[in-house]
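Me: Please take a close look at one residue in this model. Start with its surroundings, then work outwards to the rest of the protein.

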Amino acid sequence: MTADGKVTTRTLAPVDFTSREDKLHLFRQRALADAVLLGHTSLKRDNVRLGIPSDLQQARINRKKPPAPLRVIISNKGRIASRLNIFQSRISPILIFSTKRMPKKTQAALKTKATLHLTKSGEIDLAAMLEALRSKYNVRRLACEGGPTLFRALLERGFVDQLNLTIAPYMFGGGKAPTLTGLSKEFLPASVHCSLVDMRTIGDECFLSYRIRHPRRRRN
Ligand SMILES: NC(=O)c1ccc[n+]([C@@H]2O[C@H](COP(=O)([O-])OP(=O)(O)OC[C@H]3O[C@@H](n4cnc5c(N)ncnc54)[C@H](OP(=O)(O)O)[C@@H]3O)[C@@H](O)[C@H]2O)c1
């Protein structure tokens, strides 16, 4: 994010405001995960493949892992275009968590490119999705790469354990440019307390790693 907390501009245009080092940092974090998760708007806007470079693929193979993490897309409406770049790359399986609202034509187009998990309810149950990733796909570490709407939803449910944050040396300003937790004017249900576990500076960027402190859950 920028020094004033923005992760994109108000038009949600793909903006590239971090360094090559930050992109490598992202790839390294992605390579540590069993699966990588992205919200549909970010997928549409940034048109990313969610792959990793060949040296990181080899390192995973040496660790007896598949070459790249599973790629997971989440969308309630399911209007996902099959021509997006992610579907042109075969680096790892793609899972789509969506609902029966996905148009039949889209289902037919995506079926050959991804595994569809479509629920009857109009909205995805995040807990059920995480449970399916764990039990059906053996996912233990899931790297969510945004966007802010999805991140906030996960945060509200207490489903985030770690936040990797790069502060880039820019300021965008503006009330309509989403922050890390999106555009919502609502407070989070409770403030989220973090512990700083790592901080590095490289050039003009600051790389931070926070552990999210979950309030102790009651036993009954
Ligand atoms: N700077 C960064 O590091 C960074 C990282 C990521 C993204 N971004 C930027 O963030 C912007 C997009 O962010 P955004 O907040 O608008 O969108 P987002 O979180 O990427 O995606 C929102 C969409 O994902 C689906 N979704 C999200 N949460 C869901 C949930 N709990 N259940 C079911 N579906 C869910 C819905 O798709 P449907 O509408 O299809 O139902 C929803 O409309 C882009 O401009 C992107 O470039 C920046």
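Reply: In this predicted model, Ser 209 counts as partly exposed, because it has 16 C-beta neighbours inside 10 Å. A buried residue needs 20 or more such neighbours, and an exposed one has 12 or fewer, so the count for Ser 209 falls in between.

Where does Ser 209 sit? Its place is in strand β8, which covers residues 205-213. Now look at what it touches. Set aside the neighbours within four places in sequence. Ser 209 is then in contact with Gln 162, Asn 164, Val 197 and Asp 198. Another residue to find is Met 199. Met 199 is 10 residues from Ser 209 along the chain, and their C-alpha atoms are separated by 6.4 Å.

Next, follow the strands that pair with β8. Strand β7 spans residues 193-202, and 9 bridges join it to β8. The two run antiparallel. Met 199 appears again here: it stands opposite Leu 208 in β8. β7 and β8 form a hairpin with 2 residues between the strands. In this hairpin, Gly 203 takes a positive phi near 60°.

Strand β6, residues 162-167, also pairs with β8. This pair has 6 bridges and is antiparallel too. One partnership to check is Ile 167, whose bridge partner in β8 is Cys 206. As background, strands of a sheet pair through backbone hydrogen bonds, either parallel or antiparallel.

The parallel kind is found elsewhere in the model. 5 strands form an open sheet in the order β4-β3-β2-β1-β5, with parallel pairing. Its edge strands are β4 (115-119) and β5 (142-144), and each of them pairs on one side only. On average, neighbouring strands of this sheet are turned by 20° against each other, direction ignored. Take β2 and β3 as an example. Strand β2 holds residues 70-74, strand β3 holds residues 94-99, and 4 bridges join them. Ile 73 stands opposite Ile 96 in β3.

Now move to the ligand. How many residues surround it? There are 26, and the closest are Gly 39, Thr 41, Ser 42, Gly 146 and Gly 147. By class, the shell has 10 nonpolar, 11 polar and 5 charged residues. Helices α2 (40-46) and α6 (148-156) each supply at least two residues of this shell. The largest share, 5 residues, comes from α2.

Two of the closest residues deserve a second look. Gly 146 and Gly 147 are joined by a cis peptide bond, with omega about 0°. Gly 147 lies in the loop between β5 and α6. For comparison, most residues other than glycine have a negative phi, and most peptide bonds are trans.

That brings up phi. Leu 12 is not a glycine, but its phi is positive, near 60°. Leu 12 is placed in the segment before α1 (20-31). Is it buried or exposed? Leu 12 is partly exposed, because 17 other C-beta atoms lie within 10 Å.

Lys 64 is another case. Its phi is positive at about 65°, although it is not a glycine. Lys 64 lies in the loop between α3 and β2. Here the neighbour count is 6 C-beta atoms inside 10 Å, so Lys 64 counts as exposed. Helix α3, residues 54-62, is hardly covered: the count of buried residues among its 9 residues is 0.

Finally, step back to the full chain. The protein has 6 helices and 8 strands. From the N terminus on, the elements run α-β-α-α-β-β-α-β-α-β-α-β-β-β. The radius of gyration is 18 Å, close to the 17 Å that the globule rule gives for 220 residues, so the protein is as compact as a globular protein of that length. Along its principal axes, the C-alpha trace spans about 45 × 45 × 40 Å. Of the 220 residues, 22% count as buried. Consider the contacts in the protein with a separation of 6 or more: residues 24 or more positions apart account for 70% of them.

Back to the starting point. Ser 209 lies in β8, and β8 is joined by bridges to β7 and to β6.

Notes: Residues numbered from 1 in each chain as written. Predicted model: local features only at pLDDT ≥ 70, side-chain atom pairs only at ≥ 80, totals over all residues. Near = placed C-beta within 6 Å. Helix = DSSP H or I, 4+ residues; strand = E, 2+ residues; numbered from the N terminus. Nonpolar A, V, L, I, M, F, W, Y, C, P; charged D, E, K, R; others polar. Pairing = 2+ DSSP bridges. Axes fitted to C-alpha atoms, helices over the stretch in contact; angles between N-to-C directions. Contact = placed C-beta atoms within 7 Å. Rg over C-alpha atoms; globule rule 2.2 N^0.38 Å.
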